[in-house]
Amino acid sequence: MIRKFFPYIFILTLVLSACSAAQQATDTPEPDIFEDFNPVISATGKVVPEQQATLSISSPGIIAEVLVKEGDPVQARDVLLRLEGQETAQAALAAAQLGLTAAQIALEDIYDTDYALLAAQARAEMDTAQKTLDNVQNPELQQALAEQAIAEAEKAVEDAERELARRQSTASKADIDAAKAAVVLAKDALDKVKDDFEPYANKPEDNLIRAQLQAKLSAAQGAYDAAVRQLNGFQSTGNPLEIALAEAQLATAQAQLLQAQRDWEEIKDGPDPDDIALLEAQIANAEREYNRLQNGPDPDDIALAEARLANAEAQQAAAQAALDDLELLAPFDGVVGEVFSHVGEWIAPGQPALLLADLAHLIVETTDLSEIDVARIEVGHSAGLTFDALPDVTVNATVTSIAPKSSEGAGVNYTVTLELDEIPAGLRWGMTAFVDIEVEG
């Protein structure tokens, strides 16, 4: 070790001091035998991980699970600890996501709406209401329409009364006699066609004549059946269903006549002010709707929908954060150095829960480097390291950082960090190291 040369350096210094006068009298100086020697600063250090962290959870609560133990290797983003309340937080997140979806749909609906079509519909409603108002405010036209409605209703009542009477009674004797005569004539015509068809009924070779006679026979049979039905209708009244239908039609016609008469009574003295006010309100409402729609979506509606969407996004982010805060994740790959918390315990934000370190990258930090020595050290200086626990191992290292402030404790000491060129087998976190830093003389 370089430390072994210190006694010799001291003796040589005394010899050089005693011989200084003789050297001054000599014209030719002697060569400096120490011109290639670099002084060394020694210190004690400790092996520590280059990256380590005492982890705490962001949310207070009762610990439901501790998923690691001391010495377990973990990867970044692994869950190390979990609090109670997962189900409630997940339900809140689902509700927030639903609200976000609804807000997104509402905003999309504003942009997807066919405002030109809606504006056209509003315009048509406005025109229709205006025409109705114009008609209502024209007494002559309204009275004429009311009189026409009364006349049409009266005719409908007469027609319904006549139809009901027909359903409820038989025909006159003259109509019945005429119907009987029609039946006789139709029967004679049918018999004649049957007689003409009979010779050809079993003669396939006369297909054309037989087909023509077959058509006449069908037509004669149809005429005869129709004559019989007419005679039966004249000789009997309508069935109960037909009579009930005719009675319903008469009642409807009478109700329409009564309504037409009431309408006449209402308009004969001029339009109703309430009807005019209602139509004017419909026109004004349709006009407002048209003006709102003709230029596309209302900027206020868009701003409100966007604000609701932003709020829904914030609610989802807050719900997600609340759920995430129930878990403690590893911030980097490493090994669990110590576990401070246990299942069932209450833990507060900032309270130490786990100690995690990256043991794949060990460094050495000095513990007793004085202010006098640190002033001579610079980043990049080389050093040699030995360890109590590994007596046969020497490792080269490089100074990577120098603390800007002295360490707490007795004396004025500064921490210097050294990066090892290699990690020897058996080196562990917390072992003592002896540091010899080479500095310029």
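## A tour from the confidence colours to the helix pair

Begin by colouring the protein chain by pLDDT: this is a predicted model, and the chain averages a pLDDT of 84, with 85% of the residues scoring at least 70. Then select residues 1-28, where the pLDDT is below 50 and where the model shows 11 contacts beyond near neighbours in sequence. Where pLDDT is low, the predicted coordinates should not be read in detail.

Next, select the six strands β1, β10, β15, β13, β12 and β16, which follow one another in that order to form a closed barrel with antiparallel pairing. Direction ignored, neighbouring strands of this sheet are turned by 40° against each other on average.

Within the barrel, keep strand β1 (residues 40-49) and strand β16 (residues 432-438) on display, since these two run antiparallel and are joined by seven bridges. If you label individual residues here, G45 has A433 of β16 as its bridge partner, while K46 stands opposite T432, likewise in β16.

Keep β16 selected and add strand β12 (residues 382-387), which runs antiparallel to β16 and is joined to β16 by five bridges. A residue to label at this pairing is L385, which stands opposite V435 in β16.

Now leave the barrel and select the open sheet, in which four strands are arranged in the order β6-β5-β3-β8 with antiparallel pairing. At its edges are β6 (327-329) and β8 (346-347), each of which pairs on one side only. For a closer view of one pairing in this sheet, select strand β3 (residues 61-66) together with strand β5 (residues 79-83), which pair in the antiparallel sense over three bridges; V66 has L81 in β5 as its bridge partner.

For the last stop, hide the strands and show helix α3 (residues 86-112) with helix α10 (residues 299-324). How do the axes of these two helices cross, and within what distance do they come? The axes of α3 and α10 come within 8 Å and cross at roughly 160°, which makes α3 roughly antiparallel to α10, because an angle over 145 degrees counts as roughly antiparallel. Turning the view so that one helix lies in front of the other, you can follow α3 as it passes α10 in a left-handed crossing. Colouring the contact of α3 with α10 by residue class then brings up 15 nonpolar, eight polar and four charged residues.

Notes
Residues are numbered from 1 along each chain as its sequence is written. This is a predicted model: local features need pLDDT of at least 70, side-chain atom pairs count only at pLDDT 80 or more; totals for chains, interfaces and linings use all residues. Side-chain values use heavy atoms; hydrogens and water are left out. Axes are lines fitted to C-alpha atoms, for helices over the stretch in contact, and angles run from 0 to 180 degrees between N-to-C directions. Angles under 35 degrees count as roughly parallel, over 145 as roughly antiparallel, 65 to 115 as roughly perpendicular and the rest as oblique. A crossing is left-handed if the near helix is turned anticlockwise from the far one by less than a right angle, and right-handed if clockwise. Ala, Val, Leu, Ile, Met, Phe, Trp, Tyr, Cys and Pro count as nonpolar, Asp, Glu, Lys and Arg as charged, and the others, Gly among them, as polar. Two strands pair if DSSP finds at least two bridges between them. pLDDT is the predictor's confidence in each residue, from 0 to 100. Contact means heavy atoms within 4.5 Å.
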